[in-house]
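User: I would like to go through this model with you and ask, for each label attached to it, what justifies the label. Please set the values against the cut-offs as we go.

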Amino acid sequence: MISDLDPPPFKFVSVPRDLRGLNCAAFAAGAVRGALAAAGFPARVTAHFVPVKGGDPKKPKTTILIKFDASVMAREAGKWAG
């Protein structure tokens, strides 16, 4: 997971009121996915809003969630076994 309270994509994008659920960090998640795939680590990468306890409800934390492909997990587990 990668978490950020003020992701760079939000600094330059104005989201209309009718699209409040739009998470502009999905663009950054795509860049992370591309970098991982190019390095040989295919993964599913998604961006999510996460409320911050005691924080401003209008400004939730953004978390980029990385779930590596099963082939990557098996490959990496073999490197560390024994």
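User: In which strand does Asp4 lie?

Analyst: Asp4 lies in strand β1. Please keep in mind throughout that this is a predicted model, and that every value below is computed from it.

User: What makes Asp4 partly exposed?

Analyst: The relative accessibility of Asp4 is 32%, and the label partly exposed covers values between the buried limit of under 20% and the exposed limit of over 50%, so Asp4 counts as partly exposed. Leaving aside neighbours within four places in sequence, Asp4 is in contact with Lys61 and Thr62. The C-alpha atoms of Asp4 and Val32, which are 28 residues apart in sequence, are 14 Å apart in space.

User: Why is Pro7 called buried?

Analyst: Pro7 has a relative accessible area of 5%, and buried means under 20%, so the label buried applies to Pro7. Pro7 is found in the loop between β1 (2-4) and α1, and from C-alpha to C-alpha it is 13 Å from Val50, with their positions 43 residues apart in sequence.

User: What label does Pro8 receive, and what is its relative accessibility?

Analyst: Pro8 lies in helix α1 and counts as partly exposed at 49% relative accessibility; exposed would require over 50%, so Pro8 keeps the label partly exposed. Pro8 and Ala28 are 20 residues apart in sequence, and their C-alpha atoms are 8.7 Å apart.

User: How do you know that Ser14 is exposed?

Analyst: The relative accessible area of Ser14 is 70%, and exposed means over 50%, so Ser14 is exposed. Ser14 lies in the loop between α1 and α2, and its C-alpha atom is separated by 25 Å from that of Gly54, which is 40 residues away along the chain.

User: What makes Phe12 part of a nonpolar patch on the surface?

Analyst: A residue enters a patch if it has over 30% relative accessible area and no salt bridge, and nonpolar side chains are joined within 5 Å. Phe12, at 75% relative accessibility, counts as exposed, and it forms a patch with Val13, Val15, Leu19 and Leu22 that has about 480 Å² of accessible area together. The place of Phe12 is in the loop between α1 (8-11) and α2 (26-38).

User: Which residues make up the largest nonpolar core, and what makes them a core?

Analyst: The largest nonpolar core consists of Ala29, Leu36, Ala43, Val45 and Ile64, five residues in all. At least two of these residues come from α2, and at least two from β2 (43-50). The term nonpolar core requires buried residues of nonpolar kinds joined through side-chain atoms within 4.5 Å. Not counting residues up to four places away in sequence, Ile64 touches several residues, including Met1, Ile2, Ala29 and Val45.

User: How many salt bridges are there, and why does the pair Glu76 and Lys79 count as one?

Analyst: The count comes to two salt bridges. Side chains of opposite charge can pair when their charged atoms come close. For Glu76 and Lys79 the closest N and O atoms are 3.3 Å apart, and the limit is 4 Å, so the pair qualifies as a salt bridge. Because Glu76 and Lys79 are three residues apart in helix α3 (residues 70-80), they are separated by about one helical turn. Salt bridges that share partners join Arg75, Glu76 and Lys79 into one network. In the pair of Glu76 with Arg75 the closest N and O atoms are 3.1 Å apart. Lys79 is exposed, with a relative accessible area of 58%, whereas Arg75, at 36% relative accessibility, counts as partly exposed.

User: What is the radius of gyration of the protein chain, set against that of a compact globule?

Analyst: The protein chain has a radius of gyration of 16 Å, whereas a compact globule of 82 residues would have one near 12 Å. Along its principal axes, the C-alpha trace spans about 50 × 25 × 20 Å. Of the 82 residues, 17% count as buried. Read along the sequence, the chain follows the pattern β-α-α-β-β-α, with three helices and three strands.

Technical notes:
Residues are numbered from 1 along each chain as its sequence is written. This is a predicted model: local features need pLDDT of at least 70, side-chain atom pairs count only at pLDDT 80 or more; totals for chains, interfaces and linings use all residues. Side-chain values use heavy atoms; hydrogens and water are left out. Patches are made of residues with over 30% relative accessible area and no salt bridge: like charges are joined within 9 Å, nonpolar side chains (Val, Leu, Ile, Met, Phe, Trp, Tyr) within 5 Å. Accessible areas come from the Shrake-Rupley method with a 1.4 Å probe; for residues, only the protein chains shown count as cover. A salt bridge is a side-chain nitrogen of Lys or Arg within 4 Å of a carboxyl oxygen of Asp or Glu. Helices (H or I, at least four residues) and strands (E, at least two) are DSSP runs, numbered from the N terminus. Buried means under 20% relative accessible area, exposed over 50%, partly exposed in between (1.4 Å probe, protein chains only). The radius of gyration is taken over C-alpha atoms; the globule rule is 2.2 Å times the number of residues to the power 0.38. Contact means heavy atoms within 4.5 Å.
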